[in-house]
Amino acid sequence: MSGIQMILTIAAMLFLAMVIIMVNANILTTEEVLYDSNFGILATSIGSSIIEEANKKYYDDLTDTVVASKTSELVTPANLGIEAGEDPNDYDTWDDFDDFNGYTFVDSSMPSAIFDVECEVVYVDTTNLNVASSSQEWSKKLTVKVYSESMTDTIVQTTIYSYWWFL
């Protein structure tokens with residue numbers, strides 16, 4: 001084999017090695033995106049489940065027995081959260097929407113990833129739903145954050161629960 005043939009053979013082998021490395025890198029990137037998408041779907045399901053549970057509850061601790069006609073009758077923003085007699089780890093014992101305020105837990109029920117969940121409930125004025133109100137309002141906003149070391153992003157879901165009364 002001549003020197004030129006040997007150089008062409010080595011160059012061809014180097015080119016083939018580079019192609020194999022690029023294909024493997026693309027496969028790994030595709031797999032990473034696939035796993036991250038699957039974890040995102042699981043995290044979204046967890047957040048949606050929390051929101052569904054919260055929406056089944058009364059608007060406020062007061063409104064399970066009486067009709068509120070003034071916002072001042074509602075729980076103050078500083079007191080949003082569970083009340084005495086409710087188990088902080090069991091939302092089946094909770095009776096109202098704002099009991100989810102401050103609720104955090106770790107979901108390790110899936111073998112693929114461990115998810116951390118954080119919930120926050122605030123009053124919001126309907127003129128600007130993105131800003132927490134420092135006083136009682138007819139609308140509350142629940143924000144659920146779900147994240148995991150296995151995921152690139154944090155999944156954030158929100159819902160607005162409004163109280164309506166009619167004379």
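Which backbone oxygen lies 2.8 Å from a polar atom of the side chain of Ser148? I started my notebook with that one, and the backbone oxygen turned out to belong to Ile114. A reminder to myself before going on: this is a predicted model.

**Entry 1: around Ser148**

I looked up where Ser148 sits, and found the residue in the loop between β4 and β5. Is Ser148 buried or exposed? Ser148 has a relative accessible area of 8%, so I noted this serine as buried. Besides the approach to Ile114, the side chain of Ser148 reaches the backbone nitrogen of Ser150 at 3.1 Å. I then listed what Ser148 touches once residues up to four places away in sequence are set aside: Ala113, Ile114 and Phe115.

**Entry 2: Asp107**

Next I went to Asp107, which lies in strand β1. Its relative accessibility is 14%, and because the cut-off for buried is under 20%, I wrote Asp107 down as buried. I checked its side chain too: there is a polar contact of 2.6 Å with the side chain of Ser109. Leaving aside neighbours within four places in sequence, Asp107 is in contact with Ile46, Ala113, Ile114 and Phe115. Ala113, Ile114 and Phe115 were already in my notes as residues that Ser148 touches. Ile46 caught my eye, as 61 residues separate it from Asp107 in sequence, while their C-alpha atoms are 8.6 Å apart in space.

**Entry 3: aromatic rings**

How many aromatic pairs does the structure hold? I found eleven. One of them joins Trp94 and Phe100 edge-to-face, at 4.8 Å centre to centre with 85 degrees between the planes. Trp94 and Phe100 are both buried. Phe97 and Tyr161 form another edge-to-face pair, with their centres 4.8 Å apart and their planes at 85 degrees. I looked up where these two belong: Phe97 is in the loop between α1 (3-55) and β1 (104-107), and Tyr161 is in strand β5 (residues 155-162), so their pair ties together parts that are 64 residues apart in sequence. Phe97 and Tyr161 are buried as well.

I followed the ring pairs further and reached a cluster made of Tyr59, Phe97, Trp138, Tyr161 and Tyr163. Over the face of Tyr59 I found Lys140, at 4.4 Å from the ring centre.

**Entry 4: the nonpolar core**

The largest nonpolar core has 29 residues. Those with the most contacts inside it include Phe100, Phe115 and Leu142. Which elements give two or more residues to this core? I noted α1, β2 (115-125), β4 (139-147) and β5. The largest share, six residues, comes from α1.

I picked Leu142 for a closer look. Not counting neighbours within four places in sequence, its contacts include Ile51, Ala54, Phe97, Phe100, Cys119 and Thr158.

**Entry 5: the whole chain**

Last, I stepped back. The protein chain has one helix and five strands, and along the sequence they follow the pattern α-β-β-β-β-β. The C-alpha trace spans about 100 × 35 × 25 Å along its principal axes. I compared the radius of gyration too: the chain has 26 Å, where a compact globule of 167 residues would be near 15 Å. Buried residues make up 32% of the 167 residues. Finally, among contacts between residues at least 6 apart in sequence, 55% join residues at least 24 apart.

Terms used
Residues numbered from 1 in each chain as written. Predicted model: local features only at pLDDT ≥ 70, side-chain atom pairs only at ≥ 80, totals over all residues. Heavy atoms only, no water. Phe/Tyr/Trp six-rings, centres within 6.5 Å; stacked < 30°, edge-to-face > 60°. Buried < 20%, exposed > 50% of the residue type's maximum accessible area, 1.4 Å probe, protein only. Helix = DSSP H or I, 4+ residues; strand = E, 2+ residues; numbered from the N terminus. Lys NZ or Arg CZ within 6 Å of the ring centre and 35° of its normal. Core = buried A, V, L, I, M, F, W, Y, C linked by side-chain atoms within 4.5 Å. Contact = heavy atoms within 4.5 Å. Polar contact = N/O pair within 3.5 Å; in protein donor to acceptor, adjacent residues only side chain to side chain. Rg over C-alpha atoms; globule rule 2.2 N^0.38 Å.
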